[in-house]
Amino acid sequence: MRRESQESFVGLQKFCWHCSHIVMGLRAPVLLLTAMLVLSDVRADLLNEVPQDARDELAGGQTVVKSENVPGAPWPRLKLYKVVDAPPQVLAELFSDYSAAPSYTPGMLSAKVIANNPDGSKEVEYRVKVPVLQSISYTVRNTYIQKGNSYEVKWTLLHSPLAKSSDGSLRIEPYGEGKTLMRYTNLTVPLTNLVGGLKTQALNEAKATVGAIALEAERRAQQEANRKKS
């Protein structure tokens, strides 16, 4: 692979990482956030998506990965499931904590809401560090959905200099006492097909994304627990 293609791939990796964090810089509608704060402790539909033989791994803290090939896309659509040792309330607040996103998202420089749409969705412009180009900006549209015990944020790419398209979501549901089951999905179609064979790197990026979200949520949950003890 030529040096230019390698640099483009590294930049695209960073873009994929930041696509997964678009929900962090947005403030959810008050009704949706309030609904998350009173979720009952019930295992819902997400657990049913996880194969029976992988549920022990899930309960043990491992990330369970499913993938499906998509016609015309060089990478598969990824679905990653992880149990987070933090209540749904913490993740819901994390999703709406705009100012904190750059503190735990490597390379994020800035983010700002540029449009609030009548349907409740928001358009957000992010600026991130990338090799060679120093930084790039991309714009996404985010949609919030709350159904029963499930809360989800879906994103769709509107503009990026590195990708033709990108879409995905983060969904959370209660999982046992004080825990949350999270599902992360994403599919990115790059501008160049030269990176089509690098599926392993793409999967590693997705795992790193899920891990970063879980660690931050667990850190906040522990911080809150310590505060209550003091």
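## Exercises on a predicted model

E2 and E8 pair in the antiparallel sense over seven bridges, and this pairing, taken from a predicted model, opens the exercises below.

**Exercise 1. Which strands pair with E8, and which residues stand opposite each other?**

Step 1. Start with strand E2 (77-84), whose antiparallel pairing with E8 runs over seven bridges; within this pairing, Val83 stands opposite Leu181 of E8.

Step 2. Turn to strand E7, which also pairs with E8 in the antiparallel sense, here over 11 bridges, and in which Ile172 stands opposite Met182 of E8.

Step 3. Look at the connection between E7 and E8, which form a hairpin with five residues between them, and note that Gly176 in the turn has a positive phi of about 70°.

**Exercise 2. Decide whether the two faces of E8 are covered or open.**

Step 1. In a regular strand, side chains alternate between the two faces of the sheet.

Step 2. On one side of E8 lie Thr180, Met182, Tyr184, Asn186, Thr188 and Pro190, while Leu181, Arg183, Thr185, Leu187 and Val189 lie on the other.

Step 3. The residues of both sets are all buried, and both faces of E8 are therefore covered, where buried means under 20% relative accessible area. The count agrees, with 11 of the 11 residues of E8 buried, whereas buried residues make up 49% of the 230 residues in the protein.

**Exercise 3. Identify the residues that touch the most other members of the largest nonpolar core, and the elements that supply this core.**

Step 1. The largest nonpolar core has 23 residues, of which Val84, Ala86, Leu91, Leu170, Met182, Tyr184 and Ala217 touch the most other members.

Step 2. Two or more residues of this core come from each of E2, H5, E6, E7, E8 and H7, and the largest share, six residues, comes from H7.

Step 3. Follow Ala217 as an example: leaving aside residues up to four places away in sequence, Ala217 touches Val84, Ala86, Val90, Leu91 and Leu94.

Step 4. Keep this core apart from a second, separate one of 13 residues, which includes Ala111, Val124, Ile136 and Tyr138.

**Exercise 4. Why is H5 described as largely enclosed by the rest of the structure?**

Step 1. List the buried residues of H5, which are Pro88, Val90, Leu91, Ala92, Leu94 and Phe95.

Step 2. Because six of the eight residues of H5 are buried, this helix is largely enclosed by the rest of the structure.

**Exercise 5. Describe the lining of the largest pocket by residue, by element and by class.**

Step 1. The largest pocket, with a volume of about 210 Å³, is lined by Pro87, Gln89, Val90, Glu93, Arg220, Ala221, Glu224, Ala225 and Lys228.

Step 2. The elements that give two or more residues to this lining are helix H5 (88-95) and helix H7 (199-229), with H7 providing the largest share, five residues.

Step 3. Sorted by class, the lining has four nonpolar, one polar and four charged residues.

**Exercise 6. Is Thr209 buried or exposed, and how far is its C-alpha atom from that of Thr105?**

Step 1. Thr209 is placed in helix H7, and because its relative accessibility is 1%, Thr209 counts as buried.

Step 2. Although Thr209 and Thr105 are 104 residues apart along the chain, their C-alpha atoms are separated by 8.8 Å.

Step 3. For the protein overall, 62% of the contacts between residues at least 6 apart in sequence join residues at least 24 apart.

Definitions and conventions
Residues numbered from 1 in each chain as written. Predicted model: local features only at pLDDT ≥ 70, side-chain atom pairs only at ≥ 80, totals over all residues. Heavy atoms only, no water. 1 Å grid on protein atoms, 1.4 Å probe; cavity = no way out; pocket = protein on both sides within 12 Å on 5 of 7 lines; lining within 4 Å. Points joined across faces, edges and corners; volume = space filled by probe spheres on them. Helix = DSSP H or I, 4+ residues; strand = E, 2+ residues; numbered from the N terminus. Nonpolar A, V, L, I, M, F, W, Y, C, P; charged D, E, K, R; others polar. Core = buried A, V, L, I, M, F, W, Y, C linked by side-chain atoms within 4.5 Å. Buried < 20%, exposed > 50% of the residue type's maximum accessible area, 1.4 Å probe, protein only. Contact = heavy atoms within 4.5 Å. Pairing = 2+ DSSP bridges.
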